Amino acid sequence: MSLQMVTVGNNIALIQPGFSLMNFDGQIFFFGQKGWPKRSCPTGVFHFDVKHNHLKLKPAVFSKDSCYLPPLRYPATCTFKGSLESEKHQYIIHGGKTPNNELSDKIYVMSVVCKNNKKVTFRCTEKDLVGDVPEGRYGHSIDVVYSRGKSMGVLFGGRSYIPSAQRTTEKWNSVADCLPHVFLVDFEFGCSTSYILPELQDGLSFHVSIARNDTIYILGGHSLANNIRPANLYRIRVDLPLGSPAVNCTVLPGGISVSSAILTQTSNDEFVIVGGYQLENQKRMICNIISFEDNKIEIREMETPDWTPDIKHSKIWFGSNMGNGTVFLGIPGDNKQAVSEAFYFYMLKYAEDDVNEDQKTFTNSQTSTEDPGDSTPFEDSEEFCFSAEANSFDGDDEFDTYNEDDEEDESETGYWITCCPTCDVDINTWVPFYSTELNKPAMIYCSHGDGHWVHAQCMDLAERTLIHLSEGSNKYYCNEHVEIARALQTPKRVPPLKKPPLKSLHKKGSGKILTPAKKSFLRRLFD
């Protein structure tokens with residue numbers, strides 16, 4: 001067991017709350033940045049390259065027949081073995097939050113179609129579901145079971161927005177536990193069936209799940225409705241005969257109370273659980289070994305790593321499983337120092353790279369969650385977090401490099417910005433203000449200088465004014481720059497009124513000559 005500090009490149013800023021790590025034959029890939037993918041990497045998937053304890057993110061590419069994959073945060077992921085040799089190792093991705101803070105209900109399948117020494121090419125396909133389709137959610141789990149030569153996906157838990165009929169302005173972004181239903185998903189035919197098991201009373205989120213052959217073990221988790229982390233351990237067994245599947249659940253003794261924990265596999269029959277929280281804002285510093293023997297599960301405490309003082313004293317920590325007995329950990333930097341890193345990162349290795357890649361045992365845990373902000377205590381959706389600012393990719397010859405001139409700075413043009421000193425728009429508390437808003441704040445462009453975006457609500461714009469300015473091409477100046485703009489404007493020069501010559505008053509061809517009295521009258525009129 002070793003704990004080593006990891007230095008990071010500038011592009012580490014792409015790692016944001018809710019990220020996921022995928023292990024393809026020992027190569028780690030990062031997925032789930034916060035915001036829309038960069039134009040230099042439209043896939044939003046990056047090679048998580050760690051060499052000599054230094055981390056770089058390098059863009060990955062998709063094949064031409066791939067679908068678009070949004071950078072989902074807090075999705076459920078698991079590995080899956082396809083029937084074809086080319087689909088030997090795949091990742092299933094379900095749910096998660098989109099950049100617009102909506103919840104996805106789609107299923108994506110990620111596989112490698114080409115790999116060489118320089119880069120890996122992925123194929124991403126979307127699976128359409130029919131039947132009992134699970135609602136969009138996050139903080140849940142999805143696993144694959146194998147029985148009688150067939151396979152089936154098992155989805156459980158998570159959180160979702162409250163029903164539309166109950167969503168008011170004050171509770172627009174409120175979430176609730178999903179119903180404790182178990183969904184069986186046939187990836188080949190796209191069929192989904194819901195099962196109600198009496199042993200499952202709570203819709204647990206941010207739990208740990210382990211799949212072994214035809215059985216899934218659910219450990220820990222948090223019930224938002226009761227605000228508890230029950231020390232329960234569930235065993236869900238799925239039988240796939242020729243007819244309808246049979247699903248049963250058993251409550252086992254020996255569970256532990258933990259949420260948002262990280263699970264990594266150290267051998268064919270042994271796992272290690274690290275991190276997480278045992279109370280609302282109290283970290284769980286104890287580590288556990290989970291071992292299997294003759295279809296029996298045993299959970300016991302193990303010797304804890306030599307945590308650094310920074311890790312011990314930090315209020316939050318975050319991370320994800322890198323596979324092969326390795327965990328990626330991070331803690332917030334010390335803001336009290338004049339020059340401080342946003343985060344400090346560590347790699348915790350429990351075992352060497354001796355895990356059998358062909359085993360039928362896969363793990364899943366919900367580990368990366370929302371921004372904690374400055375408030376405490378944290379709910380589970382706020383426990384594991386990343387936050388930073390992207391500058392550039394550290395380019396190598398074999399990888400595309402990021403050119404910041406290719407796009408606008410998201411910190412200035414994104415919806416979740418501080419547009420003025422009195423701006424109070426927050427991604428975690430924002431609710432619709434205008435009838436034209438659905439899932440993002442209305443913004444308007446200020447033309448002062450190089451221009452910048454401001455929130456219409458912060459500028460106290462009436463909705464009629466907002467619509468009028470949005471439809472036209474008139475320049476707009478925000479409250480801070482409107483006086484400056486007025487001072488720069490000069491009155492338009494009005495040309496003097498030209499007096500028509502008297503001879504022009506004589507109509508050509510009329511044969512009439514104006515009398516002196518008429519001439520005097522016209523002079524007084526025009527003067």
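## His452 and its surroundings

His452 is partly exposed in this predicted model, because its relative accessible area of 22% is not under the 20% that defines a buried residue. The residue belongs to strand E33, which covers residues 452-455. Beyond the residues up to four places away in sequence, His452 touches Ile444, Tyr445, Cys446, Cys478 and His481.

## The annotated binding site

Which residues carry the feature "binding site" in UniProt? The record, an unreviewed entry, places this feature at Cys446, His452, Cys478 and His481. These positions are spread over 36 residues of sequence, yet they cluster in space, with a largest C-alpha distance of 10.8 Å.

Is Cys446 buried or exposed? Its relative accessible area is 0%, so Cys446 counts as buried. Cys446 is part of strand E32, residues 443-446. With residues up to four places away in sequence set aside, its contacts are Gly451, His452, Tyr476, Tyr477, Cys478 and His481. The contacts of Cys446 thus include His452, Cys478 and His481, each of which is also listed in the UniProt feature.

## The hairpin of E32 and E33

The strands that hold Cys446 and His452 are joined to each other: E32 and E33 run antiparallel and are linked by four bridges. Within this pairing, Tyr445 has Trp453 of E33 as its bridge partner. Strands of a sheet pair through backbone hydrogen bonds, in either a parallel or an antiparallel manner.

Together E32 and E33 form a hairpin, with five residues between the two strands. Gly449 lies in the turn and has a positive phi of about 60°.

## Nonpolar cores

The largest nonpolar core contains 20 residues. Those that touch the most other members are Cys419, Val454, Cys458, Met459, Leu461 and Tyr476. Strand E32 and helix H3 (463-471) each supply at least two residues of this core, and E32 gives the most, with three residues.

Tyr476 connects several of the regions described above. Not counting residues up to four places away in sequence, Tyr476 touches Ile444, Tyr445, Cys446, Ser447, Val454, Met459, Leu461 and Leu469. One of these contacts, Cys446, is a position of the annotated binding site. Another core, of 19 residues, lies apart from the largest one and has Ala211, Ile216, Ile218 and Leu240 among its members.

## A five-stranded open sheet

Elsewhere in the chain, five strands form an open sheet in the order E6-E10-E9-E8-E7, with mixed pairing. Strand E6 (61-62) and strand E7 (76-80) are the edge strands, each pairing on one side only.

Inside this order, strand E8 (residues 90-94) and strand E9 (residues 107-115) run antiparallel and are joined by five bridges. Ile93 has Tyr108 in E9 as its bridge partner.

## Phe183 in strand E16

Phe183 lies in strand E16, residues 181-186. Why is Phe183 classed as buried? The reason is that its relative accessible area is 7%, and the category requires a value under 20%.

How far apart in space are Phe183 and Pro134, C-alpha to C-alpha? They are 7.3 Å apart, although 49 residues separate them in sequence. Pro134 is also among the contacts of Phe183. Leaving aside neighbours within four places in sequence, the other contacts of Phe183 are Asp132, Val133, Arg137, Gly153, Val154, Leu155, Ser192, Thr193 and Ser194.

Notes: Residues numbered from 1 in each chain as written. Predicted model: local features only at pLDDT ≥ 70, side-chain atom pairs only at ≥ 80, totals over all residues. Heavy atoms only, no water. Buried < 20%, exposed > 50% of the residue type's maximum accessible area, 1.4 Å probe, protein only. Contact = heavy atoms within 4.5 Å. Pairing = 2+ DSSP bridges. UniProt positions renumbered as here; feature names shortened; annotations may be inferred. Core = buried A, V, L, I, M, F, W, Y, C linked by side-chain atoms within 4.5 Å.
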